[in-house]
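Please open the model in your viewer and keep the sequence panel visible. The stops below go from the whole chain to single residues.

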Amino acid sequence: MFKRLDENPAETVSITIDGAQFDVPAGETVAAAVLASGVWHTRTTVVSDSPRAPFCLMGVCYECLMVIDGKPNQRACREIVNDGMRIECQHAAGQL
């Protein structure tokens, strides 16, 4: 499992992941926030609907695609959390 190095960050923001609210450190990526919150997958595959999770954490593999604030196909490892951000697991190719 993932664990944050700083358990008491100076500043936090409130985000929603699949309908559940979390307070996470400001400046953290969406992928890091999702993994640290205990959500273990970010999307499912188009072919088999198998769950997938972030792999490279630098924007190359595209395994971390999520729906962020209503926009599908967003790389969670490249997005920084913002207060009030709505994040959802992306199913298959993602719909606009």
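Start by selecting the charged side chains of this predicted model. There are 8 positive and 12 negative ones in the protein, and the centres of the two sets lie 8 Å apart.

Next, show the surface of the whole chain. The accessible surface comes to about 5900 Å², and carbon and sulfur atoms account for 52% of that area. Of the 96 residues, 35% count as buried.

Switch to the C-alpha trace. Along its principal axes the trace spans about 40 × 25 × 20 Å. How does the radius of gyration of the protein agree with that of a compact globule? For 96 residues such a globule would have a value near 12 Å, and the protein has 13 Å, so the two agree.

Now colour by secondary structure. The protein has one helix and seven strands. Read from the N terminus, the order of the elements is β-β-α-β-β-β-β-β. If you draw the contacts with a separation of 6 or more, 40% of them join residues 24 or more positions apart.

Select Glu 28 next. Glu 28 sits in the loop that runs between strand S2 (20-25) and helix H1 (30-36). Is Glu 28 buried or exposed? Its relative accessible area is 14%, under the 20% limit, so Glu 28 counts as buried. To see what is around it, add its contacts, leaving aside neighbours within four places in sequence. These are Arg 4, Ala 33, Glu 79, Ile 80 and Val 81. Ala 33 belongs to the range of helix H1 (30-36).

The last stop is the cysteines. Select their sulfur atoms and look for pairs within 2.5 Å, the cut-off for a disulfide. By this rule the count is zero. Cys 61 is in no disulfide, and its nearest cysteine sulfur, that of Cys 56, is 3.6 Å away. That distance is outside the 2.5 Å limit, so the pair is not counted as a disulfide. Cys 61 is partly exposed, with a relative accessible area of 27%.

Then move to Cys 89. Why does Cys 89 have no bond to the closest cysteine sulfur? That sulfur belongs to Cys 64 and is 12 Å from the sulfur of Cys 89, which is too far for a bond. With 8% relative accessibility, Cys 89 counts as buried, whereas Cys 61 is partly exposed.

Definitions and conventions:
Residues are numbered from 1 along each chain as its sequence is written. This is a predicted model: local features need pLDDT of at least 70, side-chain atom pairs count only at pLDDT 80 or more; totals for chains, interfaces and linings use all residues. Side-chain values use heavy atoms; hydrogens and water are left out. Buried means under 20% relative accessible area, exposed over 50%, partly exposed in between (1.4 Å probe, protein chains only). Helices (H or I, at least four residues) and strands (E, at least two) are DSSP runs, numbered from the N terminus. The radius of gyration is taken over C-alpha atoms; the globule rule is 2.2 Å times the number of residues to the power 0.38. Contact means heavy atoms within 4.5 Å. Accessible areas come from the Shrake-Rupley method with a 1.4 Å probe; for residues, only the protein chains shown count as cover. Lys and Arg count as positive and Asp and Glu as negative; His and the chain ends are not counted. The place of a charge is taken as NZ of Lys, CZ of Arg, CG of Asp or CD of Glu.
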